[in-house]
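I open these notebook entries to record what I looked up in one structure. Each entry takes up one topic.

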Amino acid sequence: MRLDNMLLAEGVAGPEKGGGSAAAAAAAAASGGAGSDNSVEHSDYRAKLSQIRQIYHTELEKYEQACNEFTTHVMNLLREQSRTRPISPKEIERMVGIIHRKFSSIQMQLKQSTCEAVMILRSRFLDARRKRRNFNKQATEILNEYFYSHLSNPYPSEEAKEELAKKCGITVSQVGHVCYIYDMDSSWVT
């Protein structure tokens, strides 16, 4: 329930699936009437939030479709099996309940990872305390772009680390260190 409330408050989830109004209001409130530099940051924030929202809804639809397809498949198997042995409605109901509980736990993981991504995004763009930079702005943007485009699996392979290192002008070891720090505090160090 708490995850649902957070996703609603951030404009990621909601009846219209577009959300956004709460996120835009949060970004505007956080800017406190600041100058154009902040408005660029907040438009970036809204764009990244929109990307998170799109990924969330795409994955949610996939899970719902997979759950329905799997439930239908199991029901068909049970119907076929009922030709050789009697299967009670209670047994069918129990199997469907098990399937739905499993898919609900998967959805909960999706909600948790989406909430984590939103909190990282908020800390990145809306938290004024995060002004320290360990890498130049371009390297930071490349690392952040990689993270946001790989939300479902943000840890790069060795080949991806080498590619990121070349693009950022840093060592593979530094890319690995950034991944380790991300794992420890759930945000890219910038």
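**Entry 1. Disulfides.** I began with the term itself: a disulfide is a pair of cysteine sulfur atoms within 2.5 Å. With that cut-off I looked up the count, and the structure holds 0 disulfides. I then turned to two cysteines individually. Cys-67 has a relative accessible area of 8%, and Cys-168 has one of 7%. Cys-67 is buried because its value lies under 20%, and Cys-168 counts as buried by that cut-off too.

**Entry 2. Confidence.** I note that this is a predicted model. For the protein chain I found a mean pLDDT of 75, with 72% of the residues at 70 or more. Where is confidence lowest, and where is it highest? The lowest mean, 44, belongs to helix 2, residues 21-31, and the highest, 90, to helix 6, residues 158-168. I also marked residues 16-36, over which pLDDT stays under 50. In the model, that stretch has 29 contacts beyond four places in sequence. A further stretch, residues 183-190, has pLDDT below 50. For residues 183-190 I recorded 29 contacts in the model beyond near neighbours in sequence. I read the contacts of both stretches with those confidence values beside them.

**Entry 3. Overall make-up.** I counted the elements next: the protein chain has 7 helices and 0 strands. Read from the N terminus, the order is α-α-α-α-α-α-α. Of the 190 residues in the chain, 34% count as buried. I looked up the accessible surface, which comes to about 11700 Å². Carbon and sulfur atoms hold 53% of that surface. As for contacts with a separation of 6 or more, 69% of them join residues 24 or more positions apart.

**Entry 4. Nonpolar cores.** Which residues touch the most other members of the largest nonpolar core? I found Leu-7, Val-12, Leu-49, Ile-52, Tyr-56, Leu-121 and Tyr-148, in a core of 18 residues. Helix 1 (2-9), helix 3, helix 4 and helix 5 (137-149) each supply at least two residues of this core. Helix 4 gives the largest share, 7 residues. Another core, of 12 residues, lies apart from it, and its members include Leu-143, Tyr-146, Cys-168 and Ile-170. Cys-168 thus appears again in my notes, having been entered above as buried.

**Entry 5. Leu-49 and its surroundings.** I selected Leu-49, which is found in helix 3. Its relative accessibility is 0%, and it therefore counts as buried. I checked two distances from this residue. Leu-49 and Val-118 are 69 residues apart along the chain, while their C-alpha atoms are separated by 7.1 Å. Leu-49 and Arg-122 are 73 residues apart in sequence, and 9.1 Å apart in space from C-alpha to C-alpha. Arg-122 is found in helix 4. I noted a relative accessibility of 24% for Arg-122, which counts as partly exposed.

**Entry 6. Lys-111.** I looked up a lysine in helix 4 (residues 89-125), namely Lys-111. Is Lys-111 buried or exposed? Lys-111 has a relative accessible area of 16% and is buried, because buried means under 20%. Leaving aside residues up to four places away in sequence, Lys-111 touches Leu-3, Asp-4, Leu-7 and Tyr-56. I recognise Leu-7 and Tyr-56 from the core in Entry 4.

**Entry 7. Aromatic rings.** I searched for ring pairs and obtained a count of 1 aromatic pair. Phe-70 and Phe-103 form the pair, with 6.4 Å from centre to centre and 50° between the planes. The pair is tilted. It links distant parts of the chain, as Phe-70 lies in helix 3 (residues 36-81) and Phe-103 in helix 4, 33 residues apart. I compared their accessibility: Phe-70 is partly exposed at 41% relative accessible area, whereas Phe-103 is buried at 17%.

**Entry 8. Ser-173.** I closed with a residue of helix 7 (residues 172-185), Ser-173. At 59% relative accessibility, Ser-173 counts as exposed, because exposed means over 50%. Ser-173 and Glu-162 are 11 residues apart along the chain, and I recorded a separation of 9.2 Å between their C-alpha atoms.

How values were computed
Residues numbered from 1 in each chain as written. Predicted model: local features only at pLDDT ≥ 70, side-chain atom pairs only at ≥ 80, totals over all residues. Heavy atoms only, no water. pLDDT = per-residue confidence, 0-100. Helix = DSSP H or I, 4+ residues; strand = E, 2+ residues; numbered from the N terminus. Contact = heavy atoms within 4.5 Å. Buried < 20%, exposed > 50% of the residue type's maximum accessible area, 1.4 Å probe, protein only. Areas by Shrake-Rupley, 256 points an atom, 1.4 Å probe, with all protein chains shown as cover. Phe/Tyr/Trp six-rings, centres within 6.5 Å; stacked < 30°, edge-to-face > 60°. Core = buried A, V, L, I, M, F, W, Y, C linked by side-chain atoms within 4.5 Å.
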